[in-house]
Amino acid sequence: MKKATFLPVIAIIAIASLMLSACSKKAASNPAPTMGTTLYDTLGGTTLVADPTHQGAMIEKGRLAIRNVIDSTIFVIAADSRINGHFTVLLSEVTKGDLSGFTDLSENLTTFVSGATGAKDYIYIGLSMHDAHDPATNPRMNGKATNADFDAFVSDLVAGANKNKVPSAIITSLGKIVESLRTTVVQM
Ligand code: HEM
């Protein structure tokens, strides 16, 4: 698989991250109050705060913390020649000024990780983790991921978390969730 260098894309993504839509998949029903024990709660939970990138909108603090990490991680991946070749569809769109795929990926990844950490108000309705990472079912995935690719993805996620000053104990917990998905994402 061809590796890609997308330095100009980073600047574009920087702009894009400021323009991300606040729309998310909000669950129809309200959850029972949680006892503050999930990772999502530790990240800020359901407390509503002003969304810094969408004037007038509110966002759960836990989701905002996760979205910040995801968006930083997408930046890191875009510049990471070890794995950015898997994201050629996305990056060529962004290069042309089409941010729709970027917005969708940010939303989907944020919602997925929110749910995986215990969020109740957001429901992931994207592709299954298998189908999302099989080029046969997701043409946006350029080639299957190897174990080395997965390791690179994890290190980029840690870098994204560190950029947002996420405490190391939380990064460790996030790492365990991500690691549990390795055999589904790596299909070769
Ligand atoms: C546990 C780790 C991972 C998680 C939780 C994850 C999650 C996701 C999610 C939620 C999507 C969106 C699916 C949809 O559009 O419905 C996605 C898409 C994608 N993932 Fe992953 N992923 C992981 C690891 C990886 C790795 C290791 C690679 C390759 C290095 C990768 C490459 C991609 C690509 C190329 C797409 C399509 C991006 C686009 O929409 O243009 N992912 N992933």
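Two residues are in contact, or touch, if their C-beta atoms, placed from the backbone, lie within 7 Å. Keep that in mind as you look through these views of a predicted model.

**Figure 1. The whole protein is built from nine helices and two strands.** Follow the chain along its sequence and you meet the pattern α-α-β-β-α-α-α-α-α-α-α. The protein has 188 residues, of which 31% count as buried. Take the contacts between residues at least 6 apart in sequence: 68% of them join residues at least 24 apart.

**Figure 2. Gly115 sits in helix 5, which spans residues 100-117.** Which residues does Gly115 touch, not counting residues up to four places away in sequence? They are Tyr122, Ile123 and Tyr124. Have a look at Tyr40 too: Gly115 and Tyr40 are 75 residues apart along the chain, and their C-alpha atoms are separated by 8.3 Å. Is Gly115 buried or exposed? The answer lies in between, because a residue needs 20 or more other C-beta atoms within 10 Å to be buried and 12 or fewer to be exposed. Gly115 has 18 of them within 10 Å, so Gly115 is partly exposed.

**Figure 3. Helix 4, residues 88-95, has the buried residues Leu90, Leu91 and Val94.** These three cover an arc of only 90 degrees around the axis, so they lie on the same side of helix 4. A general rule helps here. An α-helix has 3.6 residues a turn, so residues three or four places apart point the same way. Now step just past the end of helix 4 to find Gly97, which takes a positive phi of about 90 degrees.

**Figure 4. Helix 7 packs with helix 8.** Here you can see residues 147-163, which form helix 7, and residues 168-179, which form helix 8. The axes of the two helices are 11 Å apart, at an angle of about 150 degrees. Angles over 145 degrees count as roughly antiparallel, and therefore helix 7 is roughly antiparallel to helix 8. The crossing of the two helices is right-handed.

**Figure 5. A closer look shows the residues that make the contact between helix 7 and helix 8.** From helix 7 come Val154, Leu157, Val158 and Ala161. Helix 8 brings Ile171, Leu174, Gly175 and Val178. How many of these residues are nonpolar, polar or charged? Seven are nonpolar, one is polar and none is charged. If you wonder which one is polar, look for Gly175, because Gly counts as polar.

Terms used
Residues numbered from 1 in each chain as written. Predicted model: local features only at pLDDT ≥ 70, side-chain atom pairs only at ≥ 80, totals over all residues. Helix = DSSP H or I, 4+ residues; strand = E, 2+ residues; numbered from the N terminus. Arc of directions from axis to C-beta. Axes fitted to C-alpha atoms, helices over the stretch in contact; angles between N-to-C directions. Parallel < 35°, antiparallel > 145°, perpendicular 65-115°, else oblique. Left-handed = near helix turned anticlockwise from the far one by under 90°.
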